[in-house]
Amino acid sequence: MCQVIPHIHTEKKITAIEVKALLDSFCIPFHQIDIANWEKDYPYKPRVSYRMAHTGDTLLLHYYIEEKTVRAVARTDNGKVWEDSCCEFFISPDASEYYYNFECNAATRLLLHYGKIGERVPASAETLASIDRWSSLGEVPFEEKVQKGVWELTLVIPVSALFHHQLNTWEGLSATGNLYKCGDKLSSPHFLATSEIAIEKPCFHCPAYFMKLKFD
């Protein structure tokens with residue numbers, strides 16, 4: 001499987017709150033995050049979709065989620081956001097065993113690490129601050145609650161956020177990666193992915209199962 005990330009040409013600096021309208025204006029389609037690789041043990045499947053485009057220097061990422069409860073307890077960046085209602089984007093810019101994991105909860109708290117399995121390096125506060133985020137549920141952390149309807153999350157990721165690399169643009173990049181939705185400590189825990197992962201227990205840190213990503 002290969003996903004192509006289109007190039008949007010705009011001279012305006014885009015903020016996270018503007019991502020949804022911009023992607024709408026360019027008719028960027030949604031893709032599903034709907035593969036429950038461990039469905040026997042974790043049968044609950046919220047409805048999750050995403051879309052991506054880039055402007056050259058920034059990656060624009062938009063998630064659309066329907067789930068019966070939502071949680072955002074982590075209060076700081078690089079906290080345990082995966083235990084909350086969390087959307088994730090993993091990418092290996094050089095299609096190797098080394099990758100970045102961008103994990104963001106429903107209150108915009110973000111975790112970003114780089115490395116290979118077992119050797120992960122956290123992003124600096126400066127790098128984390130460079131990634132603009134917006135959630136339709138706001139930025140105040142909250143305990144699990146019943147969520148009627150949907151919530152949305154957008155991120156604007158500068159190419160400099162790939163802090164171990166020295167890239168000037170997303171354009172032309174041939175990479176591998178995956179997108180995920182999880183909620184380890186929700187009343188209905190779930191682990192959804194964009195591709196099949198043939199391992200016994202839930203784990204998204206498995207670059208061997210990343211799909212191909214091509215940036216126009």
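**Close-up 1. Lys185 and Glu83 pair up in a salt bridge of this predicted model.** The closest N and O atoms of the two residues are 3.7 Å apart. Lys185 sits in the loop between strand E14 (174–182) and strand E15 (191–193), while Glu83 belongs to the loop between strand E6 (69–72) and strand E7 (86–92), so this bridge ties together parts that are 102 residues apart in sequence. Is Glu83 buried or exposed? Glu83 is buried, at a relative accessible area of 14%. In total, the structure holds eight salt bridges, and two others get their own views below.

**Close-up 2. Asp24 and Arg51 join a helix to a strand.** Here the side chains meet in a salt bridge with an N to O distance of 2.7 Å. Asp24 comes from helix H1 (residues 19–25) and Arg51 from strand E4 (residues 47–54), so the pair links parts that are 27 residues apart in sequence. The partners differ in their surroundings: Asp24 is partly exposed, with a relative accessible area of 43%, whereas Arg51 is buried, with just 3%.

**Close-up 3. Glu18 and Lys12 form another salt bridge.** Their side chains come together at 2.7 Å, N to O. How exposed is Lys12? Lys12 has a relative accessible area of 52%, which means that it counts as exposed, the cut-off being over 50%. Glu18 is partly exposed, with a value of 25%.

**Close-up 4. Ile91 sits in the largest nonpolar core.** This core has 42 residues, and Tyr63, Phe89, Ile91 and Phe102 are the ones that touch the most other members. Which residues does Ile91 contact once its neighbours within four places in sequence are set aside? Have a look for the aromatic partners Tyr99, Tyr100, Phe102, Trp170 and Phe215, along with Leu162, Ala175, Thr176, Gly177 and Leu213. A second, separate core has 15 residues, among them Trp38, Ala74, Cys206 and Phe210.

**Close-up 5. Stepping back, the protein combines two helices with 16 strands.** The C-alpha trace spans about 45 × 35 × 35 Å along its principal axes. For 216 residues, a compact globule would have a radius of gyration near 17 Å, and the 16 Å found here agrees with that. Buried residues account for 53% of the 216. Of the contacts between residues at least 6 apart in sequence, 67% join residues at least 24 apart. On the outside, the accessible surface comes to about 10100 Å², with 51% of that belonging to carbon and sulfur atoms.

Technical notes
Residues numbered from 1 in each chain as written. Predicted model: local features only at pLDDT ≥ 70, side-chain atom pairs only at ≥ 80, totals over all residues. Heavy atoms only, no water. Core = buried A, V, L, I, M, F, W, Y, C linked by side-chain atoms within 4.5 Å. Buried < 20%, exposed > 50% of the residue type's maximum accessible area, 1.4 Å probe, protein only. Contact = heavy atoms within 4.5 Å. Salt bridge = Lys/Arg side-chain N within 4 Å of Asp/Glu carboxyl O. Helix = DSSP H or I, 4+ residues; strand = E, 2+ residues; numbered from the N terminus. Rg over C-alpha atoms; globule rule 2.2 N^0.38 Å. Areas by Shrake-Rupley, 256 points an atom, 1.4 Å probe, with all protein chains shown as cover.
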